[in-house]
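Hi,

Here is the model I promised to pass on. Have a look at it first, and my notes on what turned up follow below.

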Amino acid sequence: MPDPVKLTVDGQQITAEPGTLLINAAKQAGIEIPAFCYYEGYSLQAACRMCLVEVEKAPKMMAACTLPVAEGMIVRTQTAQVAAARKSTLEFLLTNHPLDCPVCDKGGECELQDMVFRYGAGESRYTETKLHVDEKQWSPVVFFDAPRCILCFRCVRVCNEGMGVGALGVINRGAFSEIAPNMGDHLNCDECGMCVDICPVGALTSGIYRYKTRPWEMEHVSTICTHCSNGCKTTLGVRNDHIIRGNNRDRSGINGEFLCIKGRYGFDFTDHPERLQAPLIRRNGKLEPASWSEALAFTAKRFSELKANNALFGIVGSAHLTNEENFYLQKFGRQVLNTNSIDHQRSGDVVTLLDALSGTTGTLAKVEDFYNSKAILVIGADLALEQPLLSFQIRANFRHRNAHVFTVTAKEVREDKISFRSVRVQHGEELAGVEEIHAQLLTEQELLIVFDDSVKGASLRRLVEIGSSLPYAVKYCCLVDYSNSRGAVDMGVLPDLLPGHKPSETPGLTVEAMVTSASLDALWIVGADPLAGAPFAAEKAFIVVQDLFLTESAKRADVVFPSASAYEKSGTVTNVCGEIQQLKPAIRTMGTKPDLEIMGLLAREMGVAATMGQWVSSKVFAEIQSQVAGYAVPLPILSTGGAAQSMPVNGRIPVAEHPELIRSAHDNLFTSGTLGRYSRILNSVLENPRPQ
Amino acid sequence: MQLSPQLESKFESLLSNYPEDKKRSAMIPMLIYGQDELGSVTPELIVEVAARVGVQPLQVSEVMSYYSMLHPKPLGKFHVQICTNVSCLLTGGEDLWDQACHKLGIGHKQATADGLISLEEVECIGACSWAPAIQINYDFHHEVTPARLEELINGLTEKAHAV
Amino acid sequence: MPYNEPHPAETRIISKRFGLPNSASLETFMANEGYAAIKKALGMTPDAIIDELKASNLRGRGGAGFPTGLKWSFVPRTSPKAKYIMVNADESEPGTCKDRLLMEFDPHQLLEGMMIGGYVMGAKYGWIYIRGEYRYLIDIMDRAIAEAYSADYLGDNLHGTGFSFHIRTHSGAGAYECGEESALLESFEGKRGIPRIRPPFPAVSGAYQSPTLLNNVETFATVPAILLMGGAEYAALGIPKSGGTKLLCISGHVNKPGVYEVPLGFPMMRAIEELGGGMRNGKKLKAVVPGGSSCPMLTAAECDGLTLDYDALAKVKSMLGSGGMIVLDEDTDMVRVALRIMRFYQHESCGWCIPCREGTTWLKKLLTRFVEGAGTQSDIVMIGDLAKNMLGRTFCPLGDAAAMPTISIIEKFRGEFEDYLAHGPKPRRSYVREETLREEALAWHGQAAAIPAQPTV
Ligand SMILES: Cc1cc2nc3c(=O)[nH]c(=O)nc-3n(C[C@H](O)[C@H](O)[C@H](O)COP(=O)(O)O)c2cc1C
Ligand code: SF4
Ligand code: FES
């Protein structure tokens, strides 16, 4: 590590790593140098000239955003000249900026407003005409108001460098320069909204949030996105029990400010008109609304009768439930309903991976490793579409640290653009692709291997063998589909594994078997839709479904309970890297209850509340911590919005492999299982051409 | 896009002017030679050039719209460019400009109804010592007097009719 | 054909072949010391050549006047990367029309200068970035290049010397900013002409991120002569620190405008009186733009006794620039000149940085209003103020180039602005109408709809 550089800023002696930009060195010392175009992590522009400061011996003011610190440098940021320059830059900027703050979405959280307030002049001397260009809509989520644009080029960079999409560019010259979309009058892109988010002013606005509110009229609730398994933190802007915005502007959490369209805009299923808001009971063959007490009593009575008759219960949990709910559900099944026929739709072979890695430590990747690892091998998945945060991290890793990225996939993937080596294979032949680059992998220094459901069972064991043969540390990430797919496995929502991956002595039925087994007496489905499109064998079975919508399974149920969504409850979820994070309820939807509460109320009705314990997520989590290996993570990390990686079993998991049961839905950026079908925004962009 | 054989070979020779992996350098020359033949930088040309130099069409559009000699809409067959920058201003460039506007009944970046002649007030064309100067397409005309301008413009109409 | 009769007061070094019959041909070139300098160079070490350049006191003729020998010594010749030679033939500085002649009448001289650069740098490739408007010069250069190839002066292992060098022309497409060296390189790489963050300078990281020797046409064209006569002798043609000769482009209100080659240190009034043939129509001199429109304007009084060299012009707070000397007579309306200059920079601002993009636009609008008769006393103050707010704060020197002449006009000819307010203007055309048209045309120019839909692959 080279010696730190000493310099003086505003009379204060500071030190910084060599190569640090002056703007950052000053910031570390608590001295703010204002900037518009400078944005950490993206290429340097030096365009806005807001960051000009005096540097001794320099003939003119220097842009702090591009000036690396040097030993003995003497910098002044508070002189009359610097203040005058800031003031005049803002004056120039405002000449063509419409002063429509009162109707601008950004009013109140606009960087330009803030800058003018701090550094600007009280009034403008500009009396000439302004250049007007009409506002344009580029996609269902992106609107552009050119006159408000200050040409900081952040959007262009985030789209190109951050997302690897490059759907935005600059056209024309000089004062007529304008940001333009790739399709002439519209965008063909990921619709991630990163450009809208990063825009310091109200030039790029979101179709979802436009004219809905003023920023200060919202409450902000940070929770975890309920869609894919990456587990991004999203801060929901809530007003009158409606979510009207999602972003992560405070850059907290594992995703920094990254969000894809689902995390940023895909919350609108919560107020979909078809949302269930009262329990339903089947009467005379038809599902009819019922009161909560009636439905609970009815279900409890039937459950008790069936249990008394030693009936065969099948239970389907979900990759969208919290850990607490899944834990409570399997406990309910195992301890109250006496069944091991508990399962969920599995999307990645986590169990085999854990077994194959038994005896090793530090071999499970975290999300941050995707940014830090010197080399990454991507097998099977099109990460940019299916695991957007991981893909974003890899791109940042490549940009900042020049990571070696290897791809072994059947189709072209976005990572190919930055890859060190790409191998195309037939689907199912992924391992052969890995063998092909083995020699090259040997020359790396460390490796993160990320794979999807194309590698499972025996081929996964072989992959781990290859990984172990490499002469350096290797970490793995087994891709799964949804926000708590990983947690469902850890919680033992499996017929052969108890919580904490402990084998069950008498394995029950798998989801597939439950659907096809005529001997099933009751089927309890929480947050899943296993009966969609499938012929159900046990025609007489009593079916209870808990869900947000009247899914195919719910349509066949005897009782349907309306559940609360992830944005309406508390609890924890475990992401694709095994990182546990906490949900916070942002809104409430009338008539619904969190699944944990529904199960708890059922337990009470059945008189088994004492066995089941309190249906409060913190209490259930305490039980999880005592029973599930690796979940004994520090609570303060979770409660302050952090992510703590679970340290799962480190021993063999002696169960039979079922690679055939592992099927990823391969949701892309614009689909998300049932939730996706009820998201207007995801459906509206689906009508647009897909990114390639 | 089907290119004429001349343009095809021009494109090939332009592309050969740069290192193998730096084809993008040929973009601007290709656009301007393409425009010479097609009359403007058409959307098809943009897509074609993008494909040949290996970038997205958006990147070609970004470039095209930056340069003042590249036009997305066709100008006249004869593009009359009158310089009014300082040296020409001092020697009557603005008078020539007014004269041309009146004679043709068109203004800046406009074309006559028959599409024959278009006008553009241009910045310094590097003929300051022989001001006032104009350029018709790529041909320079120096020390242009009002009478000479009259003659030149009339000549264009005749040239067009002769063909 | 833009060629003026030689004047006896000239010292013709790089223009010595201009008057010869068929001067652009290889034949004429060869008959007049053609490719003698590269032959000599190949017998010298690169360091010795750089030393000659240093001794010659040659300074960049593109405008900035950076010592050429020093620039050549900055290129990391031992770098493992490829090295390139780049000629700046974007000549767009208002008042400048000299590179044109060098290419039109003596293209081989430029090629020879590039070859020497190639030899010194160990470069195999060179390009000439020629502004798009100079199409006929691209054709002339291409012909000269072809001739040179056929005579084994370009290509591989030239005349069995082991030295290989290739040259191509490259067409610009209309952008003054692409004369700025880093914007030129961006443009050369097929991008928008946006300048780069410097450092690194082109010498270290230029074309394709490789070390690139970038000089103006005139600079390269001077190199062969220096090698042939020796650096010290060349330097002696001029005055200390301003070595040698320079092409002077005289334009404006003189009787014999033209391009003349004079030794540096040549008196400005002699240039106007003798070379330029004196003021047109017997008018009195009012002002001179000494070296292209970016240079601060000089009053007649300041020109008196002034010599044309880098130091003398710096002393009067102006610049020798590119040698584009524009002579303005007593009848010139300085307010209109100020507007015209600002219109130019506004049109050419690349739009990257705020002070230049917005400053030139504001000033253009303000000056337009002023010229149209709607100016106020406070506008006069504001013009100077806004220009000073641009000065030294922009991303590249174009902003300074717009500010400097404006500040000098408002300071030196303030009275004319006052007169506008007192007597009202006599606009001979409606600038406002023109400006609106221009804006519409520009806004139309890059209309988003002109971007074709991306083909879905
Ligand atoms: C806005 C701007 C325009 C310029 N235009 C030209 C030009 O047209 N031709 C030129 O040779 N140099 C031009 N220059 C100067 C170049 O940046 C550069 O200094 C020069 O080409 C270097 O060559 P030299 O050292 O031989 O002069 C321009 C500079 C600026 C800032
Ligand atoms: S000063 Fe700024 S806007 Fe002007 S040309 Fe240079 S970079 Fe572009
Ligand atoms: S932040 Fe430095 S110029 Fe914009």
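Let me start with the contact between chains B and C: together, chain B and chain C bury about 5,800 Å², and 56% of that is on carbon and sulfur atoms. Before you read on, please keep in mind that this is a predicted model.

**Chain B against chain C**

In residue terms, 59 residues of chain B are in contact with 79 residues of chain C. The interface of these two chains has 28 residue pairs in polar contact, counting pairs with both residues at pLDDT 80 or more. Which parts of chain B are involved? At least two residues each come from helix H2 (27–38), helix H3 (43–53), helix H4 (57–64), helix H5 (86–90), helix H6 (93–104) and strand S3 (117–122) of chain B. Sorted by class, the side of chain B that touches chain C has 31 nonpolar, 17 polar and eleven charged residues.

There are also four salt bridges between chain B and chain C. If you want one to look at, try B:Asp36 and C:Arg135, where the closest N and O atoms are 2.8 Å apart.

**Chain C against chain A**

Chain C also touches chain A, with 46 residues of chain C in contact with 45 residues of chain A. About 3,900 Å² is buried between these two chains, 57% of it on carbon and sulfur atoms. Three residues are worth colouring in your viewer: C:Trp352, C:Trp362 and C:Arg393 supply 19% of the area that chain C buries against chain A, more than any other three residues.

How many salt bridges cross the interface of chain C and chain A? The rule finds three. C:Arg369 forms a salt bridge with A:Glu128, and the closest N and O atoms of that pair are 2.7 Å apart. Polar contacts between chain C and chain A come to 18 residue pairs, again with both residues at pLDDT 80 or more.

On the chain C side, the elements that give two or more residues are helix H14 (334–348), helix H15 (354–374), helix H16 (377–390) and helix H19 (431–445). H15(C) has the largest share of that side, with ten residues. By class, the residues of chain C that touch chain A are 21 nonpolar, 15 polar and ten charged.

**The two ligands**

Ligand 1 is surrounded by 20 residues, and the closest are C:Gly62, C:Asn88, C:Asn215, C:Asn216 and C:Thr219. A few polar distances are easy to check on screen:

- A polar backbone atom of C:Gly62 is 2.7 Å from an oxygen atom of ligand 1.
- C:Asn88 uses its side chain, with a polar atom 2.8 Å from an oxygen atom of ligand 1.
- For C:Glu91 the polar atom belongs to the backbone, and an oxygen atom of ligand 1 is 3.3 Å away from that atom.

Ligand 2 has 13 residues around it, and those that come nearest are C:Cys350, C:Cys353, C:Cys356, C:Thr394 and C:Cys396. The shell around ligand 2 splits into eight nonpolar, four polar and one charged residues.

**Salt bridges within the chains**

Over all chains, the salt bridge count comes to 74. In chain A, the side chains of A:Arg461 and A:Asp355 meet in one, at 3.0 Å from N to O. A:Arg461 lies in helix H15 (residues 457–469) of chain A and A:Asp355 in helix H9 (residues 350–356) of chain A, so this pair ties together parts that are 106 residues apart in sequence. Is each partner buried or exposed? A:Asp355 counts as buried, with a relative accessibility of 4%, while A:Arg461 counts as partly exposed at 26%.

Also in chain A, A:Lys593 pairs with A:Glu597 in a salt bridge, with 3.7 Å between the closest N and O atoms. A:Glu597 is partly exposed, at 28% relative accessibility.

In chain B, B:Arg148 forms a salt bridge with B:Glu151, and their closest N and O atoms are 2.7 Å apart. Both residues lie in helix H7 (residues 146–162) of chain B, three residues apart, or about one turn of the helix. B:Arg148 is partly exposed, with a relative accessible area of 33%, and B:Glu151 is partly exposed at 49%.

Chain C has a network: C:Arg61, C:Lys98, C:Asp99, C:Glu218 and C:Lys246 are joined into one by salt bridges that share partners.

Cheers

How values were computed:
Residues are numbered from 1 along each chain as its sequence is written. Chains are lettered from A and ligands numbered from 1 in the order in which they are written. This is a predicted model: local features need pLDDT of at least 70, side-chain atom pairs count only at pLDDT 80 or more; totals for chains, interfaces and linings use all residues. Side-chain values use heavy atoms; hydrogens and water are left out. Helices (H or I, at least four residues) and strands (E, at least two) are DSSP runs, numbered from the N terminus. Buried means under 20% relative accessible area, exposed over 50%, partly exposed in between (1.4 Å probe, protein chains only). Contact means heavy atoms within 4.5 Å. Buried area is the accessible area (1.4 Å probe) that two parts lose on being put together, summed over both. A polar contact is a pair of N or O atoms within 3.5 Å; within protein, one must be able to donate a hydrogen and the other to accept it, and residues adjacent in sequence count only if both atoms are side-chain atoms. Ala, Val, Leu, Ile, Met, Phe, Trp, Tyr, Cys and Pro count as nonpolar, Asp, Glu, Lys and Arg as charged, and the others, Gly among them, as polar. A residue is near a molecule or strand if one of its heavy atoms lies within 4 Å of it.
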